[in-house]
Amino acid sequence: MKKPVLFIALAGLVVAALWLLAGQDIDLQSLRNRLAAIGTVQQDRPLLVAGLFLVTYVAVVALSLPIAVWLTLAGGALFGFWTGLLIVSFASAMGATLAFLASRYLLRDWVRARLGARAAGIEAGLSRDGAFYLFSLRLMPVVPFFAVNLLMGLTRVPAWTFYWVSQLGMLAGTAVYVNAGTQLAGLDSLSGIVSPPLLASFALLAVFPWIARAGLGLWRRRRVYAGWTRPKRFDRNLVVIGAGSAGLVSAYIAAATKARVTLVEAGAMGGDCLNYGCVPSKALIRSATLAHQMRHAGRYGLTDTPPAIPFRSVMDRIHRIIADIAPHDSVERYTKLGVEVLQGHARLIDPWTVEITDAAGARQRLTTRAVIIATGARPFMPPLPGLDLVDPLTSDTLWTRLQGQDHVPPRLVVLGGGPIGCELAQAFARLGSTVTQIEMAPRLMMREDADAAALVTAAMQADGVSVLTGHRAMACGVDQGGKWIEVDHDEGSRRIAFDQIIVAVGRSARLQGFGLEELGIASDRTIDVNDYLETRFPNILAAGDVAGPFQFTHTASHQAWFASVNALFGTFRKFKADYRVIPWATFTAPELARVGLSEAEARDRGIAVEVTRYDLAGLDRAITDGAAHDFVKVLTKPGTDRILGATIVGDHAGDLIAEFVLAMKHGLGLNKILGTIHIYPTWAEANKAVAGTWRRAHVNPRLLAIVQRFHDWRRG
């Protein structure tokens, strides 16, 4: 039977039962009269009466009819306390479980669709604490039992867990009412059954599991800190190690909440993003883009003009931009915000003590209630024979190493086909380098869908990048002809000569030298943290690249909020880091941005999706800008407009993805995007266009046929 039909049938049954009950007098005297009649039958057939009573009770609870209390009283009156308690306890738990299962089957998918992305967080919490919540609710008579049955059915709490927790949790309340039923003859009203002191006792009993859990947590914390002497007083509320994105945001939040916070940085303020990553690379890309546009000015009705590229000036501009942004992350600014900033190397001495060594070797120790480790990551150098002989560049070192050079490297090898490698390879090719990009995987940008990566690869090749996928780097060296790298391929090995090589095969967390090993804080590729970003010591947390699982500046800032709030206020309440909706972008030309699932991920995980694609060739603004290619692709749950993922390849993709991030974060579907006014002509209309494409694919043909006949009739 289909769900709507079954739902209507059950609803009709409940309405009919309520209609029948409405015509009955339900009070203590009428209950006594009915029990007197049943008592005559019970004397002759006790098992039959007991069986019918159990089945009736199960049905009443399963249908959520408002007479369970009366039946409980009847159970005590008919069978006595112990037998009545046994029958009613099992019947109520079985009926509640049936209601729970019906709610799960009929309503859960609909509710999940309405909640959207929020459902995952709710379900994660209930999967961990659902039994505690349920037990507490069962012990509080003020919460309607039928409501608990229906609401818990919407969660992922296992049916067996629901059953036994319900039976255990309802036992005390059931016993009270069954006992009252044994005294039915002398009972004047229901108000005499449950007194205020008894309600208070139930409430205290409901809180007990949480008190026990808190006590267990306290005991575990004491075990973790065994062998360490906790200071009686603390110099700081928080010490943050590392002044990159995660560290700066953590320190800012602490200062904003009037905590006494110290930020320690051994290098330059602003971390990797400002000094070596996002900022300089985007400045380089902008110069490279302008050079590309000059070469192809004919596309815009102008004259193609080969650009003169004074590379020294390009690099000087990059360093000016870094200097212009640096005040945003400077010591002076954060000092004014209330943060104490210390330049030096920080090391954990014990769970509450940080030792800072400055450039002159002077040391000081600070005690602190909490520590946030935000030491970031560095480029990973593969164990490639001879790599040290060719003096490799990385995404960190190239900005200073190439500064002052008049020309771009004539022959450049980029080792690595991820986002960093692709951005740098294309930018240097546009600035005039002969670039060879080497990637051992079958294609570039393996994290992205093949169709999206293929467009980026084709654009890079059109810019002159020689892309060698499926090639494994074997060794590097120097001979009379200069520097070379040997690569192995299915067709054999060969040597590629170069003037400079950029190694961009990934980044590894900075883990050594901060005292983690001495404190027994687990780390492999990143520091081992729990859902609250805590290490094995709850007062020592980590955020950003050093904590993983993402290496994005915006994710580091996002984590910093959770880390700082948990560090400062975790005694009262903790927040789990939320990774449900994490976007990212690669700033090649075209840009590639994504949030949520890709087609490949959905296929690998066995998740059913519907794919809607809109080609930007149909977007008016893309046509005016000479960029009428690439696409927007959205993955939705089949049959609904709920967004599971989005991929955009094209100009401004990193900006356009924000609308899908917002929609997924707050459970908004494609219909909401379609119903939002977008300015014409803008690139943002691409998002509305893909929503319109989805809507047209979901128009009901029967409804259209009816409307067509209506219009025909209206014309006479």
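Which strands does helix H23 lie across, and at about what angle does it run to S20? In this predicted model, helix H23 (residues 685-696) lies across S20, S21 and strand S22 (643-650), running at about 130° to S20.

Let's look at the sheet beneath that question. Five strands form an open sheet in the order S18-S19-S22-S21-S20, with antiparallel pairing. Strand S18 (583-586) and strand S20 (610-615) are the edge strands, each pairing on one side only. On average, neighbouring strands of this sheet are turned by 10° against each other, direction ignored. S20 pairs with strand S21 (residues 631-636) in the antiparallel sense over six bridges, and Glu610 stands opposite Thr636 in S21.

Now for the charged side chains. The whole structure holds 28 salt bridges. Three of them link distant parts of the chain, as the table shows.

| Pair | N to O distance | Separation along the chain |
|---|---|---|
| Arg236 and Glu340 | 2.9 Å | 104 residues |
| Lys282 and Glu423 | 3.2 Å | 141 residues |
| Arg507 and Asp396 | 3.2 Å | 111 residues |

The first row joins strand S1 (residues 236-241) to strand S3 (residues 340-343). Arg236 counts as buried at 8% relative accessibility, whereas Glu340 is partly exposed at 28%.

In the second row, helix H11 (residues 278-295) meets helix H15 (residues 419-430). Here Lys282 is partly exposed at 27%, while Glu423 is buried at 10%.

The third row connects Arg507 in strand S16 (residues 507-509) with Asp396 in the loop between strand S8 (393-394) and helix H14 (398-401). Asp396 counts as buried because its relative accessibility is 13%, under the 20% cut-off.

Finally, a network of salt bridges links Asp449, Asp451, Glu599, Arg613, Asp615 and Lys633.

Terms used
Residues numbered from 1 in each chain as written. Predicted model: local features only at pLDDT ≥ 70, side-chain atom pairs only at ≥ 80, totals over all residues. Heavy atoms only, no water. Pairing = 2+ DSSP bridges. Helix = DSSP H or I, 4+ residues; strand = E, 2+ residues; numbered from the N terminus. Axes fitted to C-alpha atoms, helices over the stretch in contact; angles between N-to-C directions. Contact = heavy atoms within 4.5 Å. Salt bridge = Lys/Arg side-chain N within 4 Å of Asp/Glu carboxyl O. Buried < 20%, exposed > 50% of the residue type's maximum accessible area, 1.4 Å probe, protein only.
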